Structures are given as C-alpha cells and as structure tokens.
Amino acid sequence: MNNKTHQPVMLKEAIDALQVKAGRWYVDATFGRGGHSQAILDQGGRVVGLDFDEQTIDLARRRFSEALENNSLILVRENFDKLTQIIEQLKQEKVLSGQIWGILFDFGTSTDQLMAEDRGLSFEHRQAKLDMRLDNRLGVKASDLLKVLTVKQLTQIFEDLGGEEQAKKIAKAIVRVRENNPADLEVVGSLVALISANKSRRSGHLHPATKVFQALRIAVNDELDNIERVLPQALALVNPGGRIVTIAFHEGEDRPVKQIFAEWEEQEKGVRISKKPIQPTETEINQNPRSRSAKLRIFERKE
Ligand SMILES: C[S@@+](CC[C@H](N)C(=O)[O-])C[C@H]1O[C@@H](n2cnc3c(N)ncnc32)[C@H](O)[C@@H]1O
C-alpha cells in the first residue's frame, strides 16, 4: 500500500453513522481524496462533495468522472463555510433535488496535501516556500504571518492552536530573525532550524516543529472559525432524522463540535448519538497511525 496517499479515517464508523440509503443525498464537506464519498456511492448514496483546495478538486474530477457523469456526485470547489449558499444554488440550478440526509466533516488536511513538495505544510520538504494555504485564493501565507505579527500574537497562535510549550521563545526568535534576515522566514528549512534551536527538548515522539507547523496552518486557513461558522448551517440543512458526523484530529477542532452538539441537545434540536466520541480501533491505529487522535461525533436532527 502506498502510505503517501490519503487513507480515509474511521471509514466504517463514519459511513455507519450516516446510515446511508440508496438514492438519498449526502454532503461530504471535506472531500479530500474521496475515500468517504466512495463508500457512500458504493452503498447507492448520492454525494455533494466540497473541498476548497483546487488541486484536490482537479484530481477528484479525474478520478470520479463516472460518478460525475451519472449524476451521483456533484463536486464544488468552495469553502464549507458557504454551505447554505452552495446547496441553495445547486437546488436553484436544478442540479440537486431532494433533501440532504447526512453531512460529513473530516476536518484538517489530507496526507496528499501534507506530503506535497511545494505547499510548505510538511517540515520534511525543506526547500518549500512557507505557503500553507489549502485554498490558493486566500490572501495570506504562513510567511506573511511570520513577517507581520507581534511576539504576543505569534505566541498566542503557537500556544492556542498548536499547544506549543516554548511558544514565546520561538516567537521572539522569529521576530529577531525577521529584523536581520527576513528571507529566512520564506522557506520551511530555516523555520524548522529556528524552532529546533529554540526547543530545549523533544516532546515525546513528535518532531520539534510539529506544533508550530500545525498552529500556522490552522491560522492561515482560518480552520477553527470555519468550523464554528458551518455547524449551524449544517443543522439547518440536514433533513429531520438526518445526521451530522464529524471527525476531529485535535482539541481545537473537537471542542466547538462537542459544545454545539451539547447545546443543540439541550435546546431539543435533536440528540447526540453517543455522548463520548467514537475513537479508532487499535487495528486502524496500527495500519494508519495518522488516525491515532481521531474523534468521531454524531448528531441526529429531531424528526
Ligand atoms: C482530512 S481531509 C479529508 C479526507 C477525505 N475524507 C478522504 O477520505 O479522502 C480534509 C479535506 O478537507 C478540505 N478542507 C478543509 N477545510 C475545508 C473548508 N473549510 N472548506 C472546504 N474544504 C476544506 C481539505 O482541503 C482536505 O482536502
């Protein structure tokens, strides 16, 4: 198996949670390599697939040409925070008819994106520019943030979005470097070297740059605000009795889902299918270590 391509995480659990029925429409809001969508299609379901990454959607159009032709799949290159608008437009254009019976979010990045040589998401590709935009229409790259944010702002990003223990020390070092050698903040390799030089020890099995890279990626792509903006839209869109299924990979992604699902239940808008998140089996973690931190949550809208 080529482990450099994306393996869908908690595939069976997610598809079971969606309760796919033939002929019904589902939204895969984070299409990626289409692993979850393929499983929905295999069960006779129909899919509106969204992804804001141009390369991802281009590849999907080639790989899923048959499903696109037979109208069981619609692909839209857009941010899922425009979910309501996207679905309304597809209905107006009569491309989509019928209710949405389930909406899936598999947050974050795909292995394909992380491993790409030119996107600056992986600290393994030292020559890459520090871009990190998943949607190349976004105006601000990671290198731009490193050049303009204050020590305080950088510290906050590294702490809040990455859980980086040496956040302030690294932030100060970044600001020092940009005064003398701003070009050093353009490429992956020099940021990795700066972080390594400012970390007193490795935290467990993680590469020293892991947390700062995660934090910068989340900030550049506004990932947490996107989640907060889309969840109410998803609840309004899903048919009564239908489900919203989320897969989160870190606390920042999981927290807003956990909170809003609990609030919705209190407001009697529906029920959480299990109060505790579902986690991957040992077998899956062994086969795909990236699944290790995954938490799957399910909310069913009231009938
Ligand atoms: C973890 S991958 C999904 C993998 C997919 N489930 C599969 O099995 O191949 C997440 C995908 O969501 C996309 N994505 C992340 N945030 C998004 C957003 N706000 N709007 C649209 N797509 C987004 C990323 O570009 C990435 O392709």
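**Close-up views of a two-domain chain and its ligand**

**View 1. The shell around the ligand is a mixed one.** Five of its residues are nonpolar, 12 are polar and five are charged. Please keep in mind as you look that this is a predicted model. The shell holds 22 residues in total, and P8, T30, G32, R33 and G35 come nearest to the ligand. Two elements give two or more residues each to this shell: helix α2, residues 35-42, and strand β2, residues 46-51.

**View 2. The whole chain, for orientation before the next close-ups.** Here you can find 14 helices and seven strands. The chain has a radius of gyration of 20 Å, close to the 19 Å given by the globule rule for 303 residues, so it is as compact as a globular protein of that length. Along the principal axes, its C-alpha atoms fill a box of roughly 60 × 40 × 40 Å. Of the 303 residues, 43% count as buried. Look also at how the chain folds back on itself: among contacts between residues at least 6 apart in sequence, 67% join residues at least 24 apart.

**View 3. The chain is divided into two domains.** Domain 1 is made of two stretches, 11-112 and 223-301, while domain 2 covers 139-220. Taken over C-alpha atoms, the centres of domain 1 and domain 2 are separated by 31 Å.

**View 4. Y26 sits in the largest nonpolar core.** This core has 51 residues, and Y26 is among those with the most contacts inside it, together with A14, L18, A29, L104 and I247. Which residues does Y26 touch, not counting residues up to four places away in sequence? On the list are L18, V20, I40, G45 and V47, and further along the chain I100, W101, G102 and L104. Another core, of 28 residues, lies apart from this one and includes M132, L146, I170 and F213.

**View 5. Helix α11 is wrapped by its surroundings.** In this helix, residues 210-220, 10 of the 11 residues are buried, so α11 is largely enclosed by the rest of the structure. The buried residues are K211, V212, F213, Q214, A215, L216, R217, I218, A219 and V220. What covers them? Among the covering elements are α7 (142-148), α8 (151-162), α9 (167-180) and α10 (188-197), along with α12 (223-237) and α13 (251-266). Just after α11, have a look at D222, which takes a positive phi of about 55 degrees.

**View 6. L194 is a buried residue of helix α10**. Within 10 Å, L194 has 20 other C-beta atoms, which is why it counts as buried. Its contacts beyond four places in sequence are A173, I174 and V177. I170 is 24 residues away from L194 along the chain, yet their C-alpha atoms are separated by 7.6 Å.

**View 7. E186 lies in the loop between α9 and α10**. Is E186 buried or partly exposed? With 19 C-beta neighbours inside 10 Å, E186 counts as partly exposed, because a buried residue needs 20 or more. Leaving aside neighbours within four places in sequence, E186 is in contact with K129, L130 and S143. K169 makes a good landmark for this view: E186 and K169 are 17 residues apart in sequence and 20 Å apart in space, C-alpha to C-alpha.

How values were computed: Residues are numbered from 1 along each chain as its sequence is written. This is a predicted model: local features need pLDDT of at least 70, side-chain atom pairs count only at pLDDT 80 or more; totals for chains, interfaces and linings use all residues. A residue is near a molecule or strand if its C-beta atom, placed from the backbone, lies within 6 Å of it. Helices (H or I, at least four residues) and strands (E, at least two) are DSSP runs, numbered from the N terminus. Ala, Val, Leu, Ile, Met, Phe, Trp, Tyr, Cys and Pro count as nonpolar, Asp, Glu, Lys and Arg as charged, and the others, Gly among them, as polar. Domain bounds come from an automatic or database domain assignment. A nonpolar core is a set of buried Ala, Val, Leu, Ile, Met, Phe, Trp, Tyr and Cys residues joined through C-beta atoms within 7 Å. A residue is buried if 20 or more other C-beta atoms lie within 10 Å of its own, exposed if 12 or fewer, and partly exposed in between; C-beta atoms are placed from the backbone. Two residues are in contact if their C-beta atoms, placed from the backbone, lie within 7 Å. The radius of gyration is taken over C-alpha atoms; the globule rule is 2.2 Å times the number of residues to the power 0.38.
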